[in-house]
Amino acid sequence: MTADLGNEKRALRADLRQRRRSRTSTERDTDSLALTATLQRFVEERQITSVALYLSAPDEPDVRPFLNWAFDRGIRVLLPVTREDGLLDWAVGDGSSEREGLFGMPEVVGEVLSPLAINDVDAILAPAAAVGHDGVRMGWGRGYYDKTLGSMANRPPVYAVVFDAEYLDEVPREAHDEPVDGIITPSRIITFRS
C-alpha cells in the first residue's frame, strides 16, 4: 500500500466513523426499520434459506431486527467469529447470545464452524465503511472480509450493508480489496454483478 493511499483510506474512514457517530436516535430508528424491510425483501425475492450476516455494533446499520426475523422464519444464519490469524470462523446464531470478540466487536456465542462453512450459504451480507459505484468495498482496515472473500473459489453473492450516504462515487482501492456484488441500504438494493 502506498502511503498516500493509506492516508486517503484513514481519512475517509475517520470521516465516515464521525458521520455514523453523529446520527440522531431518530435517524437510527428510521433507518433500522427501513433496512429491515429492505433486507427482508432481498431474502424473499431471492428465496434465500441460509445467509452469512454479522452482529451490528451500535454505529453500524442495524441488522439485528432482520436477524430476529430471519431466525423466526427458520433461515439459517451464520455469524462471524474473528480469529487471531485474520480469518473468520462462523457459528450458527439466533442473535440473542453474544460476547465481545477481538477488537471489541460483538460476536455470537455458539458452536464454532470452520471458515469453510460460509461456502454453503445463499448470500453473504458483509459490513462495510463505504462502497464505490464500481463495487469496491472499503472495510474498517482489519482485512477479515477481504481475506475471507479472496480465499473463496466459488463464493455466493456478496452484498455490503451500508447507509445510503456511504454509497460513494469511488473509494480508494488496494490490490487485496475484494469487490462486492451489490449493496443493501435502508432505501435500496443495488446489484453490480450477478
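**Group meeting: a helix, a sheet and how they meet**

Hi everyone. Let me start with confidence: in the protein chain, strand S4, residues 98-100, scores lowest with a mean of 66, while S12 scores highest, at 98. This is a predicted model, and the average pLDDT of the protein chain is 88, with 91% of the residues scoring at least 70. Where pLDDT is low, the predicted coordinates should not be read in detail. With that said, on to the sheet.

Eight strands make up an open sheet, and the order is S6-S3-S2-S1-S7-S10-S12-S13, with mixed pairing. At the edges sit strand S6 (112-113) and strand S13 (189-191), each of which pairs on one side only. Helix H2 packs on this sheet, where H2 touches strand S7 (123-127), S10, S12 and S13, and the direction of H2 makes about 45 degrees with that of S13.

Now please look at S10 and its two neighbours. On one side, S7 and S10 pair in the parallel sense, over four bridges. One residue pair to find there is alanine 126 with its bridge partner in S10, alanine 160. On to S12: three bridges join S10 (residues 158-161) to S12 (residues 182-184), and these two strands also run parallel. Here alanine 160 turns up again, with isoleucine 183 of S12 as its bridge partner. Tyrosine 159, in turn, has glycine 182 in S12 as its bridge partner.

So, which residues of S10 are buried on each side? Val158 and Ala160 are buried on one side, and Tyr159 and Val161 are buried on the other, which leaves both faces of S10 covered.

Let me finish with helix H1. H1 takes in residues 3-21, 19 residues in total, and reaches 27 Å from its first C-alpha to its last, close to the 27 Å expected at 1.5 Å a residue. The buried residues in H1 are Leu5, Gly6, Lys9, Leu12, Arg13, Leu16 and Arg20. Why do they lie on the same side of H1? Because they cover an arc of only 135 degrees around the axis. The general background is that an α-helix has 3.6 residues a turn, so residues three or four places apart point the same way.

If you rotate to the other side of H1, you'll find Ala3, Asp4 and Arg21 exposed. And what covers the buried residues of H1? The cover includes helix H2 (25-46), along with strand S8 (130-132), strand S9 (137-138) and strand S11 (167-168). We met H2 earlier, packing on the sheet.

Thanks for listening!

How values were computed
Residues are numbered from 1 along each chain as its sequence is written. This is a predicted model: local features need pLDDT of at least 70, side-chain atom pairs count only at pLDDT 80 or more; totals for chains, interfaces and linings use all residues. Side-chain values use heavy atoms; hydrogens and water are left out. The expected span of a helix is 1.5 Å times one less than its number of residues. Buried means under 20% relative accessible area, exposed over 50%, partly exposed in between (1.4 Å probe, protein chains only). The arc is that of the directions from the helix axis to the C-beta atoms. Contact means heavy atoms within 4.5 Å. Two strands pair if DSSP finds at least two bridges between them. Axes are lines fitted to C-alpha atoms, for helices over the stretch in contact, and angles run from 0 to 180 degrees between N-to-C directions. pLDDT is the predictor's confidence in each residue, from 0 to 100.
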